[in-house]
Amino acid sequence: MNAVATETAKKEVFRVNDMNLWYGQHHALKHIDLAIREHEVTAIIGPSGCGKSTFIKTLNLMVKTVPGVKITGDMMYKEDNILKGRVDLVELRKNVGMVFQKGNPFPQSIFDNVVYGPRIHGVKSKQQLKEIAEKALRDVALWDEVKDRLSAPALGLSGGQQQ
C-alpha cells in the first residue's frame with residue numbers, strides 16, 4: 001500500500017468545521033477547521049493567549065462549564081456531533097483527556113485522584129486500586145513521599161507533585 005492510500009485510510013477521530021467560540025461578547029475562537037486522525041500526533045501551537053487551551057478544552061466540552069460560553073459550528077467526534085446532540089460527557093471524557101501545564105487535582109484525597117481514571121473505567125476491587133495507585137506513584141517517583149498520607153488532600157501537594 002502506498003503512502004497516499006495509507007493516509008486516506010486513517011479514520012478521523014475529530015472533524016471540526018467552522019467552529020466559533022465566544023466568552024460572552026468576546027469572540028475567542030474564529031472559524032476553526034481541523035481533522036484529527038487516529039494513530040497520528042497532532043500539535044496545536046501558537047503564542048500565549050491565542051486560544052490553544054480553549055480549543056483543546058472544546059474537544060471534550062470542558063469549556064462548556066464556563067458561564068457565558070457559546071459555541072457554534074460542527075464538532076464531530078467519531079460519528080456524533082458533540083455540539084448538536086446529547087453526548088455522554090463521562091464517556092467522551094474517558095476517551096478525550098488532557099494533561100494541563102499546571103497540575104489540576106480534584107478536591108479529594110491523593111489516593112482518589114490517582115485512581116480516578118481506573119474507577120471510572122470500572123475497576124472496583126480495593127486491592128487492585130491500591131496496586132494501581134502504588135505503581136503509578138512509584139512510576140513518577142512519588143511513592144516514598146506520599147505513601148503515608150494517601151488520604152490527605154491532593155490540593156496539599158506541591159505544584160510539581162500535583163503535575
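Trainee: In β2, which residue is the bridge partner of Met 19?

Mentor: Ile 32 is the one you want. Keep in mind that we're looking at a predicted model. Val 16 has a partner in β2 as well, namely Leu 34.

Trainee: How many bridges join β1 to β2, and which way do the strands run?

Mentor: Eight bridges join strand β1 (residues 12–23) to β2, and the two strands run antiparallel. Met 19 with Ile 32 is one bridge pair to look up, and Val 16 with Leu 34 is another.

Trainee: What happens at the turn in the hairpin of β1 and β2?

Mentor: Two residues sit between the strands there, and Gly 24 takes a positive phi near 65 degrees.

Trainee: In what order do the strands form the sheet?

Mentor: Read the order as β2-β1-β3-β4: four strands in an open sheet, with antiparallel pairing. To spot an edge strand, look for pairing on one side only; here that applies to β2 (26–37) and β4.

Trainee: On to salt bridges. How many does the structure hold?

Mentor: Nine. What counts is a side-chain nitrogen of Lys or Arg within 4 Å of a carboxyl oxygen of Asp or Glu. Take Lys 84 and Asp 74: their closest N and O atoms are 3.7 Å apart, and the pair forms a salt bridge.

Trainee: Which parts does the pair of Lys 84 and Asp 74 tie together?

Mentor: Lys 84 lies in the loop between β4 (80–81) and α3, while Asp 74 is in strand β3 (residues 69–77), so the salt bridge ties together parts 10 residues apart in sequence. Accessibility adds to the picture: Lys 84 counts as exposed at 58%, whereas Asp 74 is partly exposed at 30%.

Trainee: And how far apart are Glu 134 and Arg 138 along helix α6?

Mentor: Four residues, which means they are separated by about one helical turn. Their side chains meet in a salt bridge at 2.8 Å, N to O. Glu 134 is partly exposed, with a relative accessible area of 28%, and Arg 138 is also in the partly exposed class, at 45%.

Trainee: Which residues are linked in a network of salt bridges?

Mentor: Glu 12, Arg 15 and Arg 37. Between Glu 12 and Arg 15, the closest N and O atoms are 2.4 Å apart. Glu 12 is partly exposed at 28% relative accessible area, and Arg 15 is partly exposed at 29%.

Trainee: Last topic, the pockets. How much space lies in the largest pocket?

Mentor: About 1200 Å³. For a pocket, I'd go from volume to lining. This one is lined by 36 residues, and the closest to its centre are Met 98, Asn 104, Phe 106, Asn 113 and Tyr 116.

Trainee: Which elements give two or more residues to that lining?

Mentor: Those are α3 (89–95), α4 (110–114), α5 (116–120), α6 (126–139) and α8 (159–162). You've met α6 already, as the helix that holds Glu 134 and Arg 138.

Trainee: And what classes of residue make up the lining of the largest pocket?

Mentor: It has 21 nonpolar, 12 polar and three charged residues. If you tally them yourself, remember that Tyr counts as nonpolar and Gly as polar.

Key:
Residues are numbered from 1 along each chain as its sequence is written. This is a predicted model: local features need pLDDT of at least 70, side-chain atom pairs count only at pLDDT 80 or more; totals for chains, interfaces and linings use all residues. Side-chain values use heavy atoms; hydrogens and water are left out. On a 1 Å grid over the protein atoms alone, a cavity is a set of points where a 1.4 Å probe fits but cannot get out, and a pocket is an open set with protein on both sides within 12 Å along at least five of seven lines; lining residues have an atom within 4 Å of a point. Grid points are joined across faces, edges and corners, and a volume is the space filled by probe spheres set on the points. Buried means under 20% relative accessible area, exposed over 50%, partly exposed in between (1.4 Å probe, protein chains only). Two strands pair if DSSP finds at least two bridges between them.
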